[in-house]
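Reader: I should be grateful for a close examination of the salt bridges in this model. Please set out where the paired side chains lie and how accessible they are.

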Amino acid sequence: MLKYADYDIVFQEIPNEVTLAINISNCPNHCIGCHSPYLMNDVGEELSESALETLLEKYGRDITCLCFMGGDGDPLGVMSLAHYMKEKHQSIKVGWYSGKNSLPESFPLTDFDYVKIGPYREDCGPLKSKTTNQRLYKIDKGNMEDITYMFWKK
């Protein structure tokens with residue numbers, strides 16, 4: 001079961017999008033230097049279709065994207081909710097920030113518009129660092145385009 005600890009409207013997680021970022025708990029990755037270590041714990045409320053609808057009633061007109069921040073402990077749950085979003089809310093883009101090095105088998109690219117993969121490594125830095133090991137991809141018609149460079153200031 002997916003649980004979310006909190007959420008926020010953010011402008012930097014997905015370039016050129018106003019994103020409702022939902023922070024999912026029970027992270028199994030335990031990255032050293034994690035910026036949100038409280039998400040390693042079993043905290044928060046169940047993240048269900050109903051919970052998504054409640055958040056969308058509150059923020060739906062103000063956002064262009066919904067991003068699941070974590071969920072590596074239940075990737076099937078993330079994929080199921082992404083599919084729900086694509087069926088019920090086609091105008092809202094869907095993203096997923098995963099701390100794994102690769103996507104799960106049978107990952108449904110058509111249900112996502114963005115996906116970030118890679119654990120946080122202090123020696124490599126976050127997405128805004130040119131030395132990062134993490135990658136953000138824009139997904140279009142089943143093709144993954146690496147757009148990590150959009151975080152790097154010129």
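Author: A residue is called buried when its relative accessible area is under 20%, exposed when that area is over 50%, and partly exposed in between. With these terms fixed, Asp146, whose relative accessible area is 31%, is partly exposed. The model is a predicted one.

Asp146 takes part in a salt bridge with Arg135, the N to O distance between the two side chains being 3.2 Å. Arg135 belongs to strand 7 (residues 135–140) and Asp146 to strand 8 (residues 143–146), so this pair ties together parts that are eleven residues apart in sequence. Arg135 has a relative accessibility of 25% and therefore counts as partly exposed.

This pair belongs to a wider set, for a search of the whole structure finds five salt bridges. In general terms, side chains of opposite charge can pair when their charged atoms come close.

Another of these salt bridges joins the side chains of Lys3 and Asp42, at 2.9 Å from N to O. Lys3 is in strand 1 (residues 3–10), while Asp42 is in the loop between strand 2 (19–24) and strand 3 (45–46); the pair therefore ties together parts that are 39 residues apart in sequence. Lys3 has a relative accessible area of 18%, so this residue is buried.

A further salt bridge links Glu17 with Lys93, and here the closest N and O atoms are 2.8 Å apart. Glu17 is located in the loop between strand 1 and strand 2, and Lys93 in strand 5 (residues 93–97), so the parts tied together by this pair are 76 residues apart in sequence. The two partners fall into separate accessibility classes: Glu17 is buried, at 6% relative accessibility, whereas Lys93 is partly exposed, with a relative accessible area of 32%.

Strand 7, which holds Arg135, also borders a loop that deserves a remark. Ser129 is found in the loop between strand 6 (114–117) and strand 7. The side chain of Ser129 makes a polar contact, at 2.9 Å, with the side chain of Thr131. When neighbours within four places in sequence are left aside, Ser129 is in contact with Cys124 and Trp152.

In summary, the salt bridges described here are Arg135 with Asp146, Lys3 with Asp42 and Glu17 with Lys93. Among their members, Lys3 and Glu17 are buried, while Arg135, Asp146 and Lys93 are partly exposed.

Technical notes:
Residues numbered from 1 in each chain as written. Predicted model: local features only at pLDDT ≥ 70, side-chain atom pairs only at ≥ 80, totals over all residues. Heavy atoms only, no water. Salt bridge = Lys/Arg side-chain N within 4 Å of Asp/Glu carboxyl O. Helix = DSSP H or I, 4+ residues; strand = E, 2+ residues; numbered from the N terminus. Buried < 20%, exposed > 50% of the residue type's maximum accessible area, 1.4 Å probe, protein only. Polar contact = N/O pair within 3.5 Å; in protein donor to acceptor, adjacent residues only side chain to side chain. Contact = heavy atoms within 4.5 Å.
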